[in-house]
Amino acid sequence: NDIRNTVGNIPMEWYKDYPHIGYDLDGKKIFKPIRNKDELDEFLDKMENPDYWRTVQDKMTGADIRLSDEQVDLVHRLQEGKFGDVNFNEYEPAIDFFSNEVMIHPVTNRPQDKRSFIPSLIEKEKVGKLVHAIKMGWIKPRRPKETTPQYYDLWAKEDPNSILGRHKMHVPAPKLKLPGHEESYNPPPEYLMSEEERLAWEQQDPEDRKLSFLPQKFACLRAVPAYSRFIHERFERCLDLYLCPRQRKMRVNVNPEDLIPKLPKPKDLQPFPTTQSLVYRGHSSLVRSISTSPSGQWLVSGSDDCTVRFWEVSTARCLKTVEVGGAVKGVAWNPNPSICLVAISYDDTVVLLNPGLGDRLVSTATDQLISSYEEPEEVKEQPVQWTVAEGEGHEQGHRLILKHPKAVRQVTWHGKGDYLACVMPDNGSSLQVVIHQVSKRRTQNPFRKNKGLVQCVSFHPIRPYFFVATQRYVRVYNLIKQELTKKLMANCKWISSMATHPGGDNVICGSYDCRLAWFDLDLSTKPYKVLRHHKKALRSVAYHRHYPLFASGSDDGSVIVCHGMVYNDLLQNPLIVPVKVLKGHTITHDLGVLDVTFHPTQPWVFSSGADGTVRLFT
């Protein structure tokens, strides 16, 4: 039975008069192939078709089948009365199944089962179930195969927004400029070039020319020749189109004002010094150092002309000039108002001088304090030699002379006025910083060894801390515990000067590479802010004692005053606003402002310069 025809085992001639020959698995009719050959066609086929002899008709489907070589071979063997299977050996050795001995019992004598000739009940039940399922529609007959071609959407799983995005990013091609009058074949006369203009046009580079062609005039449209650059321009246009950057640059529209930090206006931060009001003239060489008295009435200045001058602040009058034995490197007025002493350093000597200005009582009390000193029983070996001034020096005001082993660069007082620190820069030496106690005439070297070249030192205004600035670092020492508490990194090549905020938690450092670093000691060991307002090296920095101001003097001849507000609220960072650039000093030998200091009570700033003057800005 052919699988494709499901009619079963019946005589096929029943279908003789029908166009179909049975049914397939889906219950569709199988139609007979159209047979309209007559005898003549059969004969021609027999003559011409080489496979005619091996073609037979399939009774089940009515189709013509060409027999393969194996099938033809099988037919031949059957006709000869041989076995159908090629590999069958009919002369196999026989197995003597029944032995030659006669047995009582047969090998098997079982009668045939009844079930072998009765239709199977199990099969009947199965078929019944299947028929019921088909009737109920549980089993669907096979669906016919769809012959329509199937398509699928390539972009179905794509994110809809991204598709939109692709269209959103569509950049239209750049449009060509529409032709103007100059392209006309009969342009207005002002568009035609004169001879000079034409020569100038020919000498220009092609990309610099306003027009890529020369406007010409023709009598009529027929006289216009073919445009010689047509293909060239089309090609350039094609290049423009396909090399056009088809990516939209998302420009961030930032308002330029938003990038500038919101700082208060300088006029809201008054008072601060704005104008030069007095010039103190008298020194003949550069003024290295200045200092004000605690009352703010007097000013002392030390210069390279080997003199120290005392000025009255309010009138710029020089009250006293004291000559010393070398170029003065530093002056420092004792900050204690009940003592009238000025420390002056030149070469390897520090002189403590009583200027005798102001209150007589304070002046005599200072002299009494120095003369009431009694020698201790055992004299210790000291690195510095103390001597009391006599004779002419005493009349000039010299009281104590301290001879140091090396040249002294800076002197600075402690806030109480009894201790004085001196810096003697010398690389690799352990003796670079010494601290003197005036009342006991003692000198101590606080450091066993110094790391690097010490530039300047400063006492903490309230706590027992001592700041030592080397070229790159500022080390903070605790003088009572005698240990290093902090090491600040200035992020600059060479520190020149340092000042401590009167509150004690902030330090500023000026450096020779034009930077001013503000440190917040509670915040970090790195600078809280670095200001680069000066064009040249900074020589000096200073804080005001009461106002939120600090100033820096530089070799560019200017003093920049900044508002530096430190809040009591620890969570709020200091506010630093540059408010004023004060100019006035003339630059001499590439040096500008050498020292700045504030008035102790007023918002005024003094600056001393290489031009031999001291200026007051109020």
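**View 1. A salt bridge joins Lys-82 and Glu-80.** In this predicted model, the side chains of Lys-82 and Glu-80 meet at 3.2 Å, N to O. Glu-80 counts as exposed, at 54% relative accessibility. The structure holds 15 salt bridges. Side chains of opposite charge can pair when their charged atoms come close.

**View 2. Glu-195 and Arg-198 form a salt bridge within helix 5.** Their side chains meet at 2.7 Å, N to O. Helix 5 spans residues 195-203. The two residues are three apart, about one turn of the helix. Glu-195 is partly exposed, at 46% relative accessible area. Arg-198 is also partly exposed, at 28%.

**View 3. Arg-463 and Asp-505 meet in a salt bridge.** The N to O distance is 3.3 Å. This pair links distant parts of the chain, 42 residues apart. Arg-463 sits in the loop between strand 19 and strand 20. Asp-505 sits in the loop between strand 23 and strand 24. Both count as partly exposed: Arg-463 at 37% relative accessibility, Asp-505 at 23%.

**View 4. Cys-456 and Cys-562 stay unpaired in a structure with zero disulfides.** The closest cysteine sulfur to that of Cys-456 belongs to Cys-509. The gap is 6.9 Å, so it is too far for a bond. For Cys-562, the nearest cysteine sulfur is also that of Cys-509, 15 Å away. Cys-456 is buried, with a relative accessible area of 5%. Cys-562 is buried too, at 2%.

**View 5. A hairpin joins strand 27 to strand 28.** The connection runs through five residues. The strands pair in the antiparallel sense over five bridges. Leu-538 has Ser-554 in strand 28 as its bridge partner. Strand 27 is mostly covered, with five of its six residues buried.

Technical notes: Residues are numbered from 1 along each chain as its sequence is written. This is a predicted model: local features need pLDDT of at least 70, side-chain atom pairs count only at pLDDT 80 or more; totals for chains, interfaces and linings use all residues. Side-chain values use heavy atoms; hydrogens and water are left out. Buried means under 20% relative accessible area, exposed over 50%, partly exposed in between (1.4 Å probe, protein chains only). Helices (H or I, at least four residues) and strands (E, at least two) are DSSP runs, numbered from the N terminus. Two strands pair if DSSP finds at least two bridges between them. A disulfide is a pair of cysteine sulfur atoms within 2.5 Å. A salt bridge is a side-chain nitrogen of Lys or Arg within 4 Å of a carboxyl oxygen of Asp or Glu.
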